[in-house]
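Work through the exercises below with the model open. Try each task before reading its solution.

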Amino acid sequence: MRSNHPENVPYAQRVSTPPEQGFALISVILIMVLVMGFISLLTARSLQQVQASGDSMGLSSATLASYTGQQVVGKALAGPLREDLSQVVMKTGQATSRWSYGSGTGDVPEPASVDAALAAVKTAIQQQADGDFCNNTVTLSDQSKVRVRLYFTSTACGQALPAGMGLPPARFVVGAPRNGTGTVANQTYSLPYLVVVTGEKGRSSRMTTLLGEYQFQVGRSSFARFGLFTNIHTSAAGDTVVFTNNILYDGPVHTNGRFAFAAGTPYFGSFVTSAGCTTATCTSKSTGAFVQSRTGGYTLQNASTANTAFAGGGTSPNCTSLGVCPELTRGIDFNAAYIPMPTNSANQQSAAQAAGLLYTEARTLKLWAADMNGNVPATGVKATAQYIQSCRTANTSTCDTWRVTMVNGQMVIQKNTSTGTTWTTTTTSWGAGRAFNGVIYGPSFSRVGGLDRTGTGLETAPAALASFAQMTIAADSTIRITRDLRYEDTPCAGRLSRGTGGQIQTASCNNMGADNILGIYSQNGDVTVGTHSNCLDGSCTNTERLDHAPNDVAIEGVVMSSSGEFKVEQHGSGRDRGAINLLGGLIENYYGPVGTTGGTGYKRSFTYDQRLLQGISPPFFPTTPNDEVTAVFVQGYGIKEQ
């Protein structure tokens with residue numbers, strides 16, 4: 001008899017499932033597998049897209065970095081490499097030939113001769129470019145990196161030109177041949193170049209190339225380009241001039257003679273060159289730097305010890321055992337060309353007679369920037385006129401007053417006709433205007449300067465030169481500076497100095513478009529900073545004070561003494577008078593004294609006007625017989641991506 005108790009039911013019958021429920025379970029499992037597979041595919045796709053997006057962003061950054069590198073090269077060609085090029089041209093240009101580079105009797109030089117003559121320039125500028133760019137990876141703000149190669153020759157940074165690319169020959173662009181004497185025609189030449197820039201960001205890399213021309217205009221070099229120039233590197237009395245730790249120069253420094261260095265770290269922020277002449281009359285450099293038996297630079301331990309040669313033999317010297325460690329940011333060259341001083345001031349005298357102010361007797365000069373009524377404008381307000389007051393030295397009550405304004409881009413001068421005595425704002429009658437070339441010439445000027453300070457500090461000295469004024473004060477004999485000479489529109493803020501810890505603080509010369517500039521040039525006399533003996537202890541009269549320059553005097557301009565020196569009168573007497581704050585350049589036959597280590601006279605605080613390297617110069621300022629680069633033009637013909 002069969003039992004209906006569950007334990008007696010067969011196992012297969014107890015767990016059996018209807019067929020439709022089994023199919024549903026299998027379907028659910030398959031769907032889950034498909035969903036998981038789809039999710040995995042989406043995840044993989046998303047990761048690929050993220051990676052591709054990152055690669056794309058990296059490639060964009062790399063491309064942008066590459067283009068940024070091209071801009072960096074463009075700035076270098078217009079800046080530091082221009083300075084290098086000018087130095088090369090001064091040594092290689094054929095200053096006395098029909099063509100600065102090349103040969104030929106026609107209206108243009110023969111093309112092959114130009115390329116051959118410029119070969120030395122290409123080689124020299126290639127070395128400078130390699131020093132600036134090779135092994136120098138620049139990291140940008142987004143962490144992308146830039147590497148640059150700049151080709152003037154077939155090899156840059158040890159690498160040949162990229163495959164399929166070449167450089168055309170150097171060529172003559174434009175200019176007239178040079179014949180006879182007188183004004184020398186400018187000539188423009190071109191150096192083809194190729195820039196190869198690699199930008200990198202992460203795993204992405206982009207290379208761009210740019211073929212261009214580096215065109216440069218060659219003309220006569222102005223003495224105004226130098227931060228310091230000496231013909232004979234001693235004082236007029238024959239005293240040795242030694243560069244010490246307190247000497248700071250940030251413009252080109254040159255001597256036709258010999259440099260001497262004492263223990264310490266004098267700073268030179270630009271080129272330092274020497275012709276190495278051993279006599280004052282040499283017309284070419286000696287064999288070797290200073291004397292025929294030696295090369296390189298020399299240190300002077302003390303007055304009784306012989307000169308000791310620098311290690312390095314004509315390049316940047318190593319720090320010697322004597323502790324003589326000059327900081328030479330652009331190196332030192334003891335094989336530079338000899339540069340003769342001008343022998344007369346006929347050009348300046350002729351210019352003053354033609355369209356300037358020409359005096360035949362000793363004079364004083366007072367300069368100031370003001371409004372049309374002669375009043376100094378308020379702070380922040382530009383002057384509309386430049387005033388010049390010239391008085392006879394023998395009779396200071398007999399004066400001429402002139403007003404200079406800008407009319408259609410040209411300086412125009414008018415003489416005050418209502419008075420023959422000193423200026424007052426009520427004397428407002430003016431004669432007819434005429435063109436003014438900015439040159440003032442006389443036998444000598446016993447007092448030169450701006451208006452008196454309104455307070456005791458240098459910052460209270462009114463501007464002597466209006467923002468548009470460009471002037472040269474030239475004399476056959478001595479020029480004496482007795483007041484501040486400041487620009488209304490200064491090209492540089494701050495001063496060159498050595499900070500705590502020895503760090504060099506340079507001026508910020510960001511106003512390179514400033515127009516005002518002043519030249520002071522004496523042919524056969526000195527340029528002096530006035531000192532009255534009765535004023536050294538502060539007890540002089542007002543009349544005596546007219547001949548006594550203020551403490552911390554400011555001289556903004558280019559100062560030159562062709563036969564004498566720039567010096568401070570009675571520099572070894574009295575007390576510490578602060579510093580001579582020169583913004584510009586100094587050119588002198590001898591290296592004149594301005595103070596003593598005992599604390600009398602002035603210290604030197606000289607800052608180079610960086611505009612002078614860009615070719616700006618006071619009107620009719622003396623030029624050298626050497627060629628230099630007076631302008632550059634960078635021509636690019638399109639960037640290609642690789």
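The exercises go from the whole chain to its cores, a pocket and single residues.

**Conventions**

This is a predicted model, where local features need pLDDT of at least 70, side-chain atom pairs count only at pLDDT 80 or more, and totals for chains, interfaces and linings use all residues. Residues are numbered from 1 along each chain as its sequence is written, and side-chain values use heavy atoms, with hydrogens and water left out.

**Exercise 1. Describe the protein chain as a whole.**

Step 1. Take the secondary structure. The protein chain has seven helices and 34 strands. Helices (H or I, at least four residues) and strands (E, at least two) are DSSP runs, numbered from the N terminus.

Step 2. Take burial. Buried means under 20% relative accessible area, exposed over 50%, and partly exposed in between (1.4 Å probe, protein chains only). Of the 642 residues, 48% count as buried.

Step 3. Take the surface. The accessible surface comes to about 29,300 Å², and carbon and sulfur atoms hold 53% of it. These areas come from the Shrake-Rupley method with a 1.4 Å probe; for residues, only the protein chains shown count as cover.

Step 4. Take the contacts. Contact means heavy atoms within 4.5 Å. Among contacts between residues at least 6 apart in sequence, 69% join residues at least 24 apart.

**Exercise 2. Which residues have the most contacts inside the largest nonpolar core?**

Step 1. Fix the term. A nonpolar core is a set of buried Ala, Val, Leu, Ile, Met, Phe, Trp, Tyr and Cys residues joined through side-chain atoms within 4.5 Å.

Step 2. Read off the core. The largest one has 79 residues, and Ile388, Phe566 and Ile580 have the most contacts inside it. Strand S31 (residues 554-568) gives the most to this core, six residues.

Step 3. Inspect Phe566. Leaving aside neighbours within four places in sequence, its contacts include Val527, Ile555, Ile580, Leu586 and Phe606.

Step 4. Look for a separate core. Another core, of 33 residues, lies apart from the largest nonpolar core; Leu81, Tyr101, Leu150 and Leu191 are among its members.

**Exercise 3. Characterise the second largest pocket.**

Step 1. Define the object. On a 1 Å grid over the protein atoms alone, a pocket is an open set of points where a 1.4 Å probe fits, with protein on both sides within 12 Å along at least five of seven lines; lining residues have an atom within 4 Å of a point.

Step 2. Give the volume. The second largest pocket has a volume of about 1,000 Å³. Of the 33 residues that line this pocket, the closest to its centre are Thr244, Ile247, Gly595, Thr597 and Arg604.

Step 3. Assign the lining to elements. Strands S27 (497-498), S32 (576-590) and S33 (601-608) are the elements that give two or more residues. The largest share, six residues, comes from S33.

Step 4. Sort by chemistry. The lining divides into 13 nonpolar, 15 polar and five charged residues.

**Exercise 4. Is Asp84 buried or exposed?**

Step 1. Locate the residue. Asp84 lies in helix H3 (residues 80-92).

Step 2. Apply the cut-off. Asp84 counts as buried because its relative accessibility is 2%.

Step 3. List the partners. Leaving aside neighbours within four places in sequence, Asp84 is in contact with Ile125, Gln128, Asp132, Phe271 and Arg330.

**Exercise 5. Place Lys122 and Phe172 relative to Asp115.**

Step 1. Start with Lys122. Lys122 lies in helix H5 (residues 119-133). At 14% relative accessibility, Lys122 is buried.

Step 2. Check its contacts. Beyond four places in sequence, Lys122 is in contact with Asp115, Phe152, Thr153, Ala170 and Leu191.

Step 3. Turn to Phe172. Phe172 sits in strand S5 (residues 171-175). Its relative accessibility is 14%, so Phe172 counts as buried.

Step 4. Take the distance. The C-alpha atoms of Phe172 and Asp115 are separated by 8.6 Å, with the two residues 57 apart along the chain.

**Exercise 6. What is the phi of Asn408 and of Asp552?**

Step 1. Take Asn408. Its phi is positive, about 55 degrees, although Asn408 is not a glycine. Asn408 is in the loop between strand S20 (399-407) and strand S21 (410-415). At 81% relative accessibility, Asn408 counts as exposed.

Step 2. Take Asp552. Its phi is also positive, about 55 degrees, and Asp552 is not a glycine. Asp552 is in the loop between helix H7 (542-545) and S31. At 33% relative accessibility, Asp552 counts as partly exposed.

Terms used:
Points joined across faces, edges and corners; volume = space filled by probe spheres on them. Nonpolar A, V, L, I, M, F, W, Y, C, P; charged D, E, K, R; others polar.
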